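Student: I'd like to learn how to read a structure by working through one. Can you take me through it a feature at a time?

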Amino acid sequence: MRKLAVVGAKGRMGSAVMRLASGFDLEVVARVDAGDDASVIARSGAEVVVDFSSPTALLGVCRVCADAGVALVSGTTGLDAAGQEALASVAERAPVLWEPNMSVGVHVLASLVEKALVALGPGYDVEVVEAHHRMKVDAPSGTAIRLGEVVKAGREGSRFVHGREGKPGARKHDEIGMHALRGGDVVGDHTVYFFGDGERLELTHRASSRDLFAHGALRAAAWMVGKPAGRYRLADMLAV
């Protein structure tokens, strides 16, 4: 079994990672939580780290992974420039995979959106709608933004329009609508709509359990062991 260190081990995602690790042929050899010394990772002999912690904690984890050459898989969100720079620094000395959404299905969705843009052509209006639980504090979700960025990359000069009210006028061709719904205990739904004349295509991903994010992170962790230093994405693992 490959040796795994879990950062944010007491959190909801960290607990799921530890509970499910053995199913991916990974043995948890180190657990790190807020206030713990991240250097335990190097002493444990871990080959890969799965991190679901905080932007501040991630900085220390990055230093340890860089010094020890340990692979890093992180799903920590809310990173600022310092966090992104820390990940880039690690990538010079160890393999790094950072994704704000560790769902394998979401990354397949992004690939399908890219293919639909090419196949359907510029005559289709694109709107992105996401729904999450009532406690989510940011909007739109990072995943919705990522899907929107896929559309932007395929539509030169396009721009996000966050909701509409009043009399905004007729929809302009360069718009990418972004809409956020909040309520109940929704884990996460994302739909990309392609509206054409006489038809529409809807590509949807619905998450029913947070375990799916742990599954994605653990699958990535097993895949990352032994990779050369550099930046990786789930799309690289999936070859989509």
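Tutor: Happy to. Let's begin with one side-chain pair: the side chain of His205 makes a polar contact with the side chain of Ser103, at 3.2 Å. Keep in mind that this is a predicted model.

Student: Where does His205 lie?

Tutor: His205 is in strand β10.

Student: Is His205 buried or exposed?

Tutor: The general idea is a cut-off: under 20% relative accessible area is called buried. His205 comes out at 14%, so it is buried.

Student: Which residues does His205 touch?

Tutor: Setting aside residues up to four places away in sequence, His205 touches Ser103, Gly105, Val106, Leu109, Gly188, Asp189 and His190.

Student: What does Ser103 do at the end of α5?

Tutor: Ser103 caps the N-terminal end of α5, with a side-chain oxygen 3.2 Å from the backbone nitrogen of Gly105. The helix itself covers residues 104-120, and its 17 residues reach 24 Å from first C-alpha to last, close to the 24 Å expected at 1.5 Å a residue. After α5 comes Gly121, with a positive phi near 85 degrees.

Student: How should I read the pattern of buried residues along a helix?

Tutor: Start with the geometry: an α-helix has 3.6 residues a turn, so residues three or four places apart point the same way. Now the case here: α5 buries Val106, His107, Leu109, Ala110, Ser111, Val113, Ala116 and Leu117.

Student: What covers the buried residues of α5?

Tutor: The cover includes strands β6 (125-132), β9 (188-195) and β10 (200-207), along with helices α6 (142-154) and α8 (234-238).

Student: Let me try that on another helix. What span should α3 have, and what does it have?

Tutor: α3 (residues 55-68) has 14 residues, which should span 20 Å at 1.5 Å a residue; its end C-alpha atoms are 20 Å apart, so the two agree. Its buried residues are Leu58, Gly60, Val61, Cys62, Val64, Cys65 and Ala66. Among the elements covering them are β1 (2-7), α2 (40-44), β3 (48-51), β4 (71-74) and α4 (81-91). Gly69 follows α3, and its phi is positive too, near 70 degrees.

Student: On to pockets. How big is the largest pocket, and what lines it?

Tutor: For any pocket, ask about volume, then lining, then chemistry. The largest pocket has a volume of about 990 Å³. Its lining has 37 residues, with Gly75, Thr77, Pro100, Lys136 and Phe213 nearest the centre. α6 gives the most, with 4 residues. By class, the lining has 13 nonpolar, 18 polar and 6 charged residues.

Student: And which residues lie nearest the centre of the second largest pocket?

Tutor: Those are His107, Ala110, Val150, Arg233 and Ala235, out of 16 lining residues. Two elements, α5 and α6, give two or more residues to that lining. The volume is about 240 Å³, and the lining divides into 7 nonpolar, 5 polar and 4 charged residues.

Student: One last residue: how exposed is Tyr193?

Tutor: Tyr193, in strand β9, is partly exposed, because its relative accessible area is 21% and the buried class stops under 20%. Beyond its neighbours within four places in sequence, Tyr193 is in contact with Asp125, Val126, Glu127, Val129, Leu201 and Glu202.

Definitions and conventions. Residues are numbered from 1 along each chain as its sequence is written. This is a predicted model: local features need pLDDT of at least 70, side-chain atom pairs count only at pLDDT 80 or more; totals for chains, interfaces and linings use all residues. Side-chain values use heavy atoms; hydrogens and water are left out. The expected span of a helix is 1.5 Å times one less than its number of residues. Buried means under 20% relative accessible area, exposed over 50%, partly exposed in between (1.4 Å probe, protein chains only). Contact means heavy atoms within 4.5 Å. A polar contact is a pair of N or O atoms within 3.5 Å; within protein, one must be able to donate a hydrogen and the other to accept it, and residues adjacent in sequence count only if both atoms are side-chain atoms. On a 1 Å grid over the protein atoms alone, a cavity is a set of points where a 1.4 Å probe fits but cannot get out, and a pocket is an open set with protein on both sides within 12 Å along at least five of seven lines; lining residues have an atom within 4 Å of a point. Grid points are joined across faces, edges and corners, and a volume is the space filled by probe spheres set on the points. Ala, Val, Leu, Ile, Met, Phe, Trp, Tyr, Cys and Pro count as nonpolar, Asp, Glu, Lys and Arg as charged, and the others, Gly among them, as polar.
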